[in-house]
Amino acid sequence: MGQSCSSTTMLELSLNEDRRDSLEKAAVMHIRQLKQGTLLVRLPAGSTSVKALKSLTGQRGRIDAKEMAEINKRVIDIFHENYDFSSVLFFQSGRSRDFLSGNYENLFLKRTLEPVDTPPVLSGPVYILDIDYVRLQGLERTVDGMQMMDGNFRILSAPFPYFVKYNTPSLKSGEPAWRSFAETVQKLDQNLTEFYSQQD
């Protein structure tokens with residue numbers, strides 16, 4: 001009986017090590033591909049419940065379409081000012097199916113939210129960033145953040161730095177302390193840069 005339990009434990013440890021090795025290899029592959037590829041930022045359509053996004057207009061209540069457009073313009077500006085890790089493009093979340101089907105006509109947007117003049121050729125790997133993500137944690141608490149996916153909308157896994165929270169616990173009070181949207185983009189860029197530098 002004891003030998004059987006020991007064998008089972010050894011097998012579980014071996015499987016866990018294999019899984020960890022597999023995740024680490026995948027993370028290294030993804031960070032190198034992203035560095036050479038393009039980050040596609042999904043701009044929220046219609047409305048948002050994410051506080052860091054709503055704060056870009058100073059709005060606390062429900063966001064209407066006009067305010068959402070202003071938020072998305074600020075998002076594009078902030079990424080251009082604070083994100084350097086890879087090239088970056090922007091598209092509306094409502095056109096995710098078009099992206100998956102390869103319909104890039106008028107898909108990618110410039111700062112005015114009009115289609116870019118010359119559609120880019122996506123020759124390298126692409127990764128998708130959902131900036132309007134709310135994850136349930138427990139029954140009542142939620143965590144707002146940016147979540148990165150591969151080009152097929154599959155969520156990446158640690159140790160790749162695929163998730164950045166807008167709200168972080170305050171060391172003083174234990175209550176959530178909110179990063180601004182710009183600070184969160186800076187944190188994303190920092191996490192990616194640091195993880196990439198560790199692979200050399």
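Is Asp18 buried, partly exposed or exposed? Select Asp18 in your viewer to begin: with a relative accessibility of 45%, Asp18 counts as partly exposed, where buried means under 20% relative accessible area, exposed means over 50%, and partly exposed covers what lies in between (1.4 Å probe, protein chains only).

Before going further, please note that this is a predicted model, in which local features need pLDDT of at least 70 and side-chain atom pairs count only at pLDDT 80 or more, while totals for chains, interfaces and linings use all residues. Residues are numbered from 1 along each chain as its sequence is written, and side-chain values use heavy atoms, with hydrogens and water left out.

**First stop: helix H1**

Asp18 belongs to helix H1, which covers residues 2–36; helices (H or I, at least four residues) and strands (E, at least two) are DSSP runs numbered from the N terminus. Add Glu17, Asp21 and Glu24 to the selection, and you will have, together with Asp18, a patch of negative charge on the surface. Such a patch is made of residues with over 30% relative accessible area and no salt bridge, like charges being joined within 9 Å. Asp and Glu count as negative, Lys and Arg as positive, and His and the chain ends are not counted; the place of a charge is taken as CG of Asp, CD of Glu, NZ of Lys or CZ of Arg.

**The whole chain**

Now zoom out and colour by secondary structure, which shows five helices and seven strands in the order α-β-α-α-β-α-β-β-β-β-β-α along the sequence. The protein has 200 residues, of which 38% count as buried. Its exposed surface comes to about 11700 Å², with carbon and sulfur atoms supplying 49% of that area, as computed by the Shrake-Rupley method with a 1.4 Å probe. Among contacts (heavy atoms within 4.5 Å) with a separation of 6 or more, 57% are between residues 24 or more positions apart.

**Second stop: helix H3 and its salt bridges**

Move next to helix H3, residues 65–82, and select Asn82, which lies in this helix. Asn82 is buried, at 15% relative accessibility, and, leaving out residues up to four places away in sequence, it touches Ala182, Val185, Gln186 and Asp189. If you also pick Glu183, its C-alpha atom is separated by 8.5 Å from that of Asn82, although the two are 101 residues apart along the chain.

Staying in helix H3, select Glu70 and Lys73, whose side chains meet in a salt bridge at 3.4 Å, N to O; the term stands for a side-chain nitrogen of Lys or Arg within 4 Å of a carboxyl oxygen of Asp or Glu. Because Glu70 and Lys73 are three residues apart in helix H3, about one helical turn separates them. Glu70 is partly exposed at 38% relative accessibility, whereas Lys73 is buried at 18%.

Which side chain meets that of Asp77 in a salt bridge? Select Arg111, whose side chain pairs with Asp77 at 3.0 Å, N to O. Asp77 lies in helix H3 and Arg111 in the loop between helix H4 (96–101) and strand E3 (126–137), so the pair ties together parts that are 34 residues apart in sequence. Of these partners, Asp77 is buried at 18% relative accessibility, and Arg111 is partly exposed at 37%.

A further pair to display is Arg95 with Asp98, joined by a salt bridge at 2.7 Å, N to O; here Asp98 is partly exposed, with a relative accessible area of 24%. By the rule given above, the count of salt bridges comes to six.

**Third stop: backbone details in the loops**

Return to the loop between H4 and E3 and select Asn106, which has a positive phi of about 55° although it is not a glycine, and which is partly exposed at 47%. Leu113 is found in the loop between H4 and E3 and has a positive phi of about 70°, although it is not a glycine; Leu113 is buried, at 18% relative accessibility.

Then go to the loop between strand E4 (141–150) and strand E5 (163–165), where Pro159 is found. The peptide bond joining Ala158 and Pro159 is cis, with omega of about 15°.

**Last stop: Ile128**

Finish at Ile128 in strand E3, a buried residue with a relative accessible area of 0%. Its contacts, leaving aside neighbours within four places in sequence, include Leu39, Phe91, Phe99, Met148 and Phe153. The C-alpha atoms of Ile128 and Leu39 are separated by 5.8 Å, and these residues are 89 apart along the chain.

Key:
Patch = residues over 30% accessible without salt bridge, like charges linked within 9 Å, V, L, I, M, F, W, Y side chains within 5 Å.
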